[in-house]
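Student: Please take a close look at one part of this model, the main nonpolar core, and at the elements around it.

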Amino acid sequence: MIATPYKWTLDHYHQAVTAGIFNNQPLELLKGELIVMSPEREPHAYVNSEIGDFLRRCLGDQAKIREAHPITLPNDSEPIPDLAIVRPLGRTYSSRHPYPSDIFWLIEITYSSLNQDLTTKAAIYAEAGIGEYWVVDLNSLQLIVMQQPVNGQYSQPATYTKGTISPLTFPHLEIPVSQLLIL
């Protein structure tokens with residue numbers, strides 16, 4: 001007999017969460033698989049909070065900055081990015097998480113999960129049509145920017161250690177890379 005892992009659908013996952021089956025354990029649903037999230041250490045929490053505050057000041061009411069809250073993607077995925085910069089839809093988010101069409105860009109901050117963030121999560125985000133995805137690598141103090149997915153993949157990620165970066169959806173906004181690499 002061959003063992004086959006159970007693949008979760010978004011509906012089954014939501015039913016299990018609502019029923020309290022996971023006892024508030026930090027989980028992400030990635031392509032139908034439940035992934036236990038690592039505990040957040042101090043450097044990660046600090047950088048996440050500082051970048052979130054900075055983006056709120058820069059974007060004002062043009063966007064909602066969601067820190068460590070789920071997004072719902074069509075590929076049986078409900079990841080929890082460190083920062084999701086989304087359309088400010090107010091009470092809409094009281095009945096659902098942001099969908100790809102609501103997302104301006106996503107940011108993951110990595111201290112120990114760089115490989116997963118650059119492979120698994122990048123593929124899931126690209127497949128869902130997320131136009132822009134940034135990874136703040138706290139080990140190498142670099143920003144990896146992935147944009148404009150084609151056929152479920154980001155091509156030619158760009159790496160920054162200095163200078164400024166402008167998100168595709170806010171080209172007027174010039175973000176100093178040093179503001180993101182603040183360790």
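Tutor: A nonpolar core here is a set of buried Ala, Val, Leu, Ile, Met, Phe, Trp, Tyr and Cys residues joined through side-chain atoms within 4.5 Å. Buried means under 20% relative accessible area. The model is a predicted one.

By that definition, the largest nonpolar core has 25 residues, and Ile85, Trp105 and Ile107 have the most contacts inside it. At least two residues each are supplied by α2 (42-59), β4 (83-86), β5 (103-110), β6 (132-137), β7 (142-147) and α4 (177-180). Helix α2 gives the largest share of this core, five residues.

Take Ile85 as the point of entry. Neighbours within four places in sequence aside, Ile85 is in contact with Leu55, Leu59, Ala63, Lys64, Ile65, Ile103, Phe104, Trp105 and Ile107. Apart from this core lies another, of 19 residues, which includes Leu30, Ile124, Tyr125 and Tyr154.

Strand β5 deserves a separate look. Eight of its eight residues are buried, so β5 is largely enclosed by the rest of the structure. Strands β4 and β5 run antiparallel and are joined by four bridges; in this pairing Ala84 stands opposite Leu106 of β5. With β6 the direction changes: β5 and β6 run parallel, joined by five bridges. Leu106 appears here as well, opposite Tyr133 in β6. To get from β5 to β6 the chain passes through helix α3 (residues 114-127), and this β-α-β crossover is right-handed.

Helix α1 (residues 10-18) can be read by its two sides. Its buried residues are Leu10, Tyr13 and Ala16. These cover an arc of only 130° around the axis, which puts them on the same side of α1. The spacing follows a general rule: an α-helix has 3.6 residues a turn, so residues three or four places apart point the same way. On the other side of α1, Asp11, Gln15 and Thr18 are exposed. The buried residues of α1 pack against β1 (27-30) and β2 (33-36). Just after the helix, Gly20 takes a positive phi of about 80°.

To return to the main core: Ile85, where this account started, is in contact with Trp105 and Ile107, among others, and these three residues are those with the most contacts inside the core.

Conventions. Residues numbered from 1 in each chain as written. Predicted model: local features only at pLDDT ≥ 70, side-chain atom pairs only at ≥ 80, totals over all residues. Heavy atoms only, no water. Buried < 20%, exposed > 50% of the residue type's maximum accessible area, 1.4 Å probe, protein only. Contact = heavy atoms within 4.5 Å. Arc of directions from axis to C-beta. Pairing = 2+ DSSP bridges. Right-handed = clockwise from strand over helix to strand, strands pointing away.
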